[in-house]
Each structure stands twice: as C-alpha cells, then as structure tokens.
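Visitor: I would like to take a close look at one part of this protein, the way its side chains pair and pack in the interior. Please walk me through it slowly.

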Amino acid sequence: MASRGLGSLSGGRGGGGGGKKSLSARNAAVERRNLITVCRFSVKTLIDRSCFETIDDSSPEFNNFAAILEQILSHRLKGQVTWFGYESPRSFWDYIRVACRKVSQNCICSIENMENVSSSRAKGRAWIRVALMEKHLSEYISTALRDFKTTRRFYEDGAIVLGEEANMLAGMLLGLNAIDFSFCLKGEGLDGSFPAVIDYTPYLKFTQSSDSISSDEEELRTLGSSGSESSSPENVGPPYITDENTWFNKCKRVKQKYQLTLEQKAYLEELLRLRENQLSESVSQNKILLQRIEDSDLAHKLEKEQLEYIIVELQDQLKSYQNLDQLSAEVSLSQTSLDPSQSQDDGKQDTLNSISEGKEDTPSLLGLCGSLTSVASYKSLTSLKSNDCLASPTAEMTSPGLTPS
C-alpha cells in the first residue's frame with residue numbers, strides 16, 4: 001500500500017511537470033497571437049484615421065501602435081551579459097541597429113548621432129518615427145527578419161520575430177507606406193524612462209446575445225446604485241423610463257453613426273471630384289500628346305518623301321554623270337584610234353615640205369603639187385601619187401631628165 005501510494009505520488013509529480021510545460025507553451029502562443037492581432041487592428045485604425053486627419057505624436061492611434069510595435073520587438077529579447085555573468089536589460093534598438101545596416105540609405109547613423117536622444121529605448125522610438133516618415137518601416141523589418149543569424153543571437157526561442165508571425169508582421173506594416181506621418185523628434189514621446197503600455201479598449205467589442213435577460217444600461221445602473229443605501233425596489237423607476245432612456249441612447253448612437261457616414265460621404269465626394277479633375281487633366285494631356293505624335297508622324301512622312309525625292313534626283317544625276325564618263329571614254333578612244341593616221345599624215349607632210357624646200361626653183365613641181373599646207377592639196381597629192389602620176393623624190397633626184405640645165 002505504501003509503495004503504491006509513493007508510485008501514485010511520483011506519477012502525479014511527473015504529470016504536473018508536463019502540465020506546466022503545456023501551460024507555458026499555451027501562454028506563449030496566446031501572447032504572440034494577441035500581439036499580432038492587436039497590431040493588425042492598430043494598423044487598420046491608423047489607416048482609417050489618416051483619411052480624416054494628419055497622424056502625429058498627439059494621435060492616440062499612433063501612440064498605441066508604437067507601443068504595440070515596441071512590445072512585439074521586445075518580446076523574449078535576450079539580456080546583455082556583463083563581465084560578471086549578469087544579464088542587463090536590453091532594448092530592441094540594439095537588434096535593429098545591427099540587423100538593419102544592410103538597408104540602402106538607412107537612418108541608423110542619424111539616429112545614433114541625435115543629441116537629444118541618449119537612451120537605447122528612446123533611440124528605438126525615434127527610429128520608429130523616422131522609418132514611418134520615410135515610408136520604409138516594412139523594409140527595415142523585412143531586412144532584419146531575413147538576417148536569421150543575428151535575430152537568433154538577440155532573441156530567445158518562442159519570440160515573435162522567430163516564429164511564423166514574423167512574416168505576417170512585415171506584410172501588415174506594408175500598408176503604412178500610404179500614410180503621411182508628421183512627427184517631432186524632440187517631444188515627450190521619445191522619453192525612454194517609461195515603458196510602453198498598450199491600450200486594448202479601442203479593439204474590444206462585446207456583442208450582447210439576444211437571449212440575455214438584462215441590457216447593458218440596466219447592469220450599469222444596478223452596479224452604480226448597489227453601493228447606495230436607497231437602492232430599494234421602490235426607488236427604481238418604471239420600465240417606461242428605462243425603455244425611454246434605452247431608446248434615447250440608441251437614437252444618439254444612430255445619430256453619431258449618421259454624422260460619421262455624412263462626413264465619410266463628403267470626404268468620398270471630394271475625393272471623387274479630385275479624381276475626376278485629375279482624370280480630365282490626364283485625358284486632355286493625352287489628347288495633346290496624341291496630337292503631337294500625329295504632327296510628328298506627318299512631319300516625318302513629309303521629310304521621308306523629300307528625302308526620297310532627293311535620292312531619286314541624285315540617282316538621275318549619277319546616271320547622267322556615268323553617261324558623260326562613257327561618252328568621254330568613247331571620245332578618248334576615238335582620238336587614240338585616229339592618232340596613227342594623224343602621225344602618217346604629219347610624216348607625209350614633213351616629207352613634202354622637205355621636197356618643196358629642196359625643189360623651190362622647180363616651178364613645174366610646185367605647180368603640180370600646189371600648196372601642201374591644205375588638206376585638199378594633200379589629198380590631191382596622195383591621189384596623184386597613187387596613180388603614179390608623180391615621181392618619187394629619189395627618182396627625181398636621180399633622173400637625168402629632171403636635172404637642171
């Protein structure tokens with residue numbers, strides 16, 4: 001019996017250890033899910049609020065979002081080990097400063113050199129504001145999460161940045177790039193002496209079941225009158241007054257919703273008017289551009305036709321120049337073909353000139369040959385020579401009948 005009791009006691013202890021582990025795992029999962037869900041709600045409220053007013057340090061939606069993001073980045077963050085083996089608390093800025101160095105044109109150095117910001121927590125809050133104004137917060141977070149080695153060095157197991165929720169966080173923050181933020185980096189929001197506190201009340205909504213016996217107003221009235229001495233059934237008003245108050249509150253809420261709907265309608269109408277004006281301007285600019293394109297096409301066509309006409313003229317001139325070159329070549333060939341006869345004629349003329357010089361005193365020869373300077377005389381001379389009517393000079397010189405007496 002004693003051994004059985006000890007066994008059951010040891011089994012109960014072992015079961016209790018397993019239950020603690022499962023309970024801690026459940027608590028960690030619930031904590032991660034709560035932070036991610038509240039972050040998604042805060043991003044939505046920021047986007048909705050930015051449609052009506054500028055988001056700055058005085059906006060409660062931004063202050064709540066900054067607190068939520070600070071809690072997420074500080075979730076299960078490891079402490080800094082000192083020389084004596086103790087762990088000192090660390091801010092998420094130490095992780096961002098190392099993991100976001102690879103971002104192009106980052107603001108890490110400018111945050112480090114800020115004079116009015118001294119603590120690590122204040123620098124982290126200044127970084128959130130600068131990243132939002134630069135519209136690069138999602139890029140910073142994505143770059144830091146991709147550096148898994150550095151993230152593993154700064155965070156413990158079960159942290160949000162090491163789980164599947166990290167990808168959801170980077171995607172949610174991407175919608176903040178559409179908001180124009182305006183922050184003062186010298187305000188009280190950068191005070192790092194106080195931790196950030198999340199206000200969950202804007203995101204809590206209780207829907208009362210239709211089967212509920214009492215309404216919210218009756219429960220509040222009961223709680224308010226429970227501490228007073230005159231909380232007797234006689235002092236409670238008739239149901240008609242309660243119904244009247246209930247209808248009055250409902251009417252007031254409906255009126256508020258109606259006013260909000262009117263404001264949203266006016267905003268959407270103004271936005272639609274602006275978009276229509278932009279569309280009309282874009283259409284007019286498109287028409288102007290199309291007209292310019294048509295004019296340029298027409299000018300290009302005219303220029304192309306002129307260039308084609310000039311090319312045709314140049315081709316005609318080139319053909320005429322080629323014809324002239326052919327004619328000049330033919331003329332030169334004809335002149336070269338006539339040169340041998342010209343040389344023979346010149347030789348014959350020189351011979352006759354020498355004969356005429358040798359026989360100046362012979363009138364019969366001069367009368368027979370005539371003037372050797374003319375071509376006709378030369379032709380008559382050649383014809384006479386061909387007909388053997390004229391003797392050769394050598395014969396004349398050797399013939400005794402032609403010797404002078």
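How many aromatic pairs does the count come to, and what surrounds them?

Guide: This is a predicted model, and in it the count comes to eight aromatic pairs. One of them joins Y95 and Y155, whose rings meet edge-to-face, with 5.0 Å from centre to centre and 85° between the planes. Because Y95 belongs to helix α3 (residues 92–99) while Y155 sits in the loop between α7 (148–154) and α8 (165–173), this pair ties together parts that are 60 residues apart in sequence. Both tyrosines, Y95 and Y155, are buried.

A second pair has another geometry: the ring centres of F181 and F183 are 5.5 Å apart and their planes are at 20°, so this pair is stacked. F181 and F183 are both buried, and ring pairs link the two of them with F62 into a cluster. The charged end of R129 is placed over the ring of F183, 6.0 Å from its centre. A similar arrangement can be found at F41, where R40 lies over the face of the ring at 5.6 Å from the ring centre.

Returning to Y95, the helix that carries this residue deserves a look of its own. Helix α3 is mostly covered, with six of its eight residues buried, namely F92, W93, D94, Y95, I96 and A99. These buried residues pack against α2 (60–73), α4 (108–112), α5 (120–134), α6 (137–146) and α7.

Y155, the partner of Y95, also appears in the largest nonpolar core, which has 58 residues and in which F65, W127, L132, L137, Y155, L169 and L176 have the most contacts. At least two residues of this core come from each of α1 (2–50), α2, α3, α4, α5, α6 and α8, and the largest share, eight residues, is supplied by α2. For F65, leaving aside residues up to four places away in sequence, the residues touched are C39, S42, V43, L46, L132, L137, L173 and L176.

Charged side chains add a further set of links, and a search of the whole structure finds 13 salt bridges. In one of them K123 pairs with E112, the closest N and O atoms being 3.3 Å apart; since K123 lies in helix α5 and E112 in helix α4, the pair ties together parts that are 11 residues apart in sequence. K123 is buried, its relative accessible area being 12%, whereas E112, with a relative accessible area of 23%, is partly exposed.

Another salt bridge brings the side chains of D180 and K135 together at 2.8 Å, N to O. This pair links distant parts of the chain, as D180 is in the loop between α8 and α9 (216–225) and K135 is in the loop between α5 and α6, 45 residues apart. Here D180 is exposed, with a relative accessible area of 58%, while K135 is partly exposed at 28%.

The side chains of R152 and D157 likewise meet in a salt bridge, at 2.8 Å from N to O; R152 is partly exposed, with a relative accessible area of 37%, and D157 is exposed, with a relative accessible area of 53%. Finally, salt bridges that share partners join D94, R97, E112 and K123 into one network, and D94 is one of the buried residues of α3, the helix in which Y95 also lies.

Notes:
Residues are numbered from 1 along each chain as its sequence is written. This is a predicted model: local features need pLDDT of at least 70, side-chain atom pairs count only at pLDDT 80 or more; totals for chains, interfaces and linings use all residues. Side-chain values use heavy atoms; hydrogens and water are left out. Rings of Phe, Tyr and Trp (its six-membered ring) pair if their centres lie within 6.5 Å; planes under 30 degrees apart count as stacked, over 60 as edge-to-face and the rest as tilted. Helices (H or I, at least four residues) and strands (E, at least two) are DSSP runs, numbered from the N terminus. Buried means under 20% relative accessible area, exposed over 50%, partly exposed in between (1.4 Å probe, protein chains only). A charge sits over a ring if NZ of Lys or CZ of Arg is within 6 Å of the ring centre and within 35 degrees of the ring normal. Contact means heavy atoms within 4.5 Å. A nonpolar core is a set of buried Ala, Val, Leu, Ile, Met, Phe, Trp, Tyr and Cys residues joined through side-chain atoms within 4.5 Å. A salt bridge is a side-chain nitrogen of Lys or Arg within 4 Å of a carboxyl oxygen of Asp or Glu.
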